[in-house]
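Trainee: I would like to go through this structure with you. Where should we start?

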Amino acid sequence: MRQSQQQPRHPRVAPRSPRRDTQGARNLRPRLEQLYEDYNREDAAADPVQIVRRYSRPEDQEVVGFCAAALAFGRVASVLNTIETLTTILGPEPAAFVRRFDPAAPHAELRAMVHRWTRGVDIAALLWVLSQMLDRNGSIEKFFLEGYRSDTIDISDALDSFSQRALALDLRSVYGRVPKRAGVCYFFPRPSAGSGCKRLNLFLRWMVRHDEVDLGVWQSIAPSKLIVPLDTHVIRLGRCLGLTRYASPGWRMASEITASLRAIDPVDPVRFDFSICHVGMMNACGYGRRQGDAQCPLKGICRPRAGRAAPASRSRRRSSDSS
């Protein structure tokens, strides 16, 4: 039986963009546009989306995409290795594997997996949740759309509904006695709880947007509704560029950075995410570092802060590990 959708507790108001000086705002758009063009290539950088792109069928891209995004926390090499292990288990037709997934079966290879604090049983629970979505709605997209309204500011309410309904599905068949805070819950955070929902927003970016990086599998959600996936690199660049006034990562910061990017491109603000993120991954961002912005392709329009890098380290832990 379907669960009733609860309304999120936070008020739904449009976030305001932080105020930038006129010259800085005028310089930002062309520099971000150039950065986007430089990185809008499938092979621009090592990224989990490259594994998702190996599959040609939309139903397989959707399933592998959700699993890959769900596991996208930690060092890139470790993330890619875990996703490769999982796709080997899923085989050449991941959607078919998930549709016939038997939660009572041993799944020895799957249950032997470990990714940081995530255990194999949690990944098995994730596959079982996805299996129930496909059984009920035919696709993850259709399950998501049950809580989506096109007249809302962004996808925050839909994400709340999605995670709530996902965790209301059967978990006992995998866990037996379901823990108070089952590991699978980490894959379904909620904006109303303050989470930046980095990995869910990453999955949505892959599914909704379409260019040389993102796949555009879903057709019912406008790119303008997306929220930037808030990882440590986006936090650093967002603060350096004056895209946010917030110091602590979470949904408010992700929403405000997106609002700033929406002022540059109201139709597709999140298209800058991939390039901004990989500037940070290349260690070109000078935030909190002695090098300043000497190596940054955005040099001259960012304001790296001098001093210790401790705030960035805390942001990394909270945004990458808790969202």
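Mentor: Start with a term: a contact means heavy atoms within 4.5 Å. Keep in mind also that this is a predicted model.

Trainee: Of the contacts in the chain with a separation of 6 or more, what share comes from residues 24 or more positions apart?
Mentor: The chain holds 15 helices and two strands. Of its 323 residues, 58% count as buried. Among contacts with a separation of 6 or more, the share from residues 24 or more positions apart is 70%.

Trainee: How much of the accessible surface belongs to carbon and sulfur atoms?
Mentor: The accessible surface of the chain comes to about 14600 Å². The part that belongs to carbon and sulfur atoms is 48%.

Trainee: Is D211 buried or exposed?
Mentor: D211 forms a salt bridge with R209, and their closest N and O atoms are 2.9 Å apart. The cut-off for buried is under 20% relative accessible area. D211 has 12% relative accessibility, so it counts as buried.

Trainee: Which residue forms a salt bridge with D214?
Mentor: The partner is itself buried, as is D214. In this pair the closest N and O atoms are 2.5 Å apart. The partner counts as buried because its relative accessibility is 3%. The residue is R209.

Trainee: Which residues are linked with R209 in a network of salt bridges?
Mentor: The structure holds 19 salt bridges. Those of R209 include one with D211 and one with D214. The residues linked with R209 in the network are R205, D211, D214, D268 and D273.

Trainee: E256 forms a salt bridge with R245; is R245 buried or exposed?
Mentor: The closest N and O atoms of the pair are 2.4 Å apart. E256 sits in helix α13 (residues 251–264), while R245, eleven residues apart from it, lies in the loop between α12 (232–240) and α13. E256 is buried, with a relative accessible area of 2%. Exposed means over 50%, and R245 has a relative accessible area of 52%, so R245 is exposed.

Trainee: What is the handedness of the crossing of α3 and α7?
Mentor: Helix α3 (residues 58–70) packs against helix α7 (residues 120–137) at an angle of about 145°. Their axes are 11 Å apart. The crossing is right-handed.

Trainee: How many nonpolar residues does the contact of α3 with α7 have?
Mentor: On α3 the contact is made by E62, V63, F66, C67 and A70. On α7 it is made by L126, L127, L130 and L134. By class, one residue is charged and none is polar. The number of nonpolar residues is eight.

Key: Residues are numbered from 1 along each chain as its sequence is written. This is a predicted model: local features need pLDDT of at least 70, side-chain atom pairs count only at pLDDT 80 or more; totals for chains, interfaces and linings use all residues. Side-chain values use heavy atoms; hydrogens and water are left out. A salt bridge is a side-chain nitrogen of Lys or Arg within 4 Å of a carboxyl oxygen of Asp or Glu. Buried means under 20% relative accessible area, exposed over 50%, partly exposed in between (1.4 Å probe, protein chains only). Helices (H or I, at least four residues) and strands (E, at least two) are DSSP runs, numbered from the N terminus. Accessible areas come from the Shrake-Rupley method with a 1.4 Å probe; for residues, only the protein chains shown count as cover. Axes are lines fitted to C-alpha atoms, for helices over the stretch in contact, and angles run from 0 to 180 degrees between N-to-C directions. A crossing is left-handed if the near helix is turned anticlockwise from the far one by less than a right angle, and right-handed if clockwise. Ala, Val, Leu, Ile, Met, Phe, Trp, Tyr, Cys and Pro count as nonpolar, Asp, Glu, Lys and Arg as charged, and the others, Gly among them, as polar.
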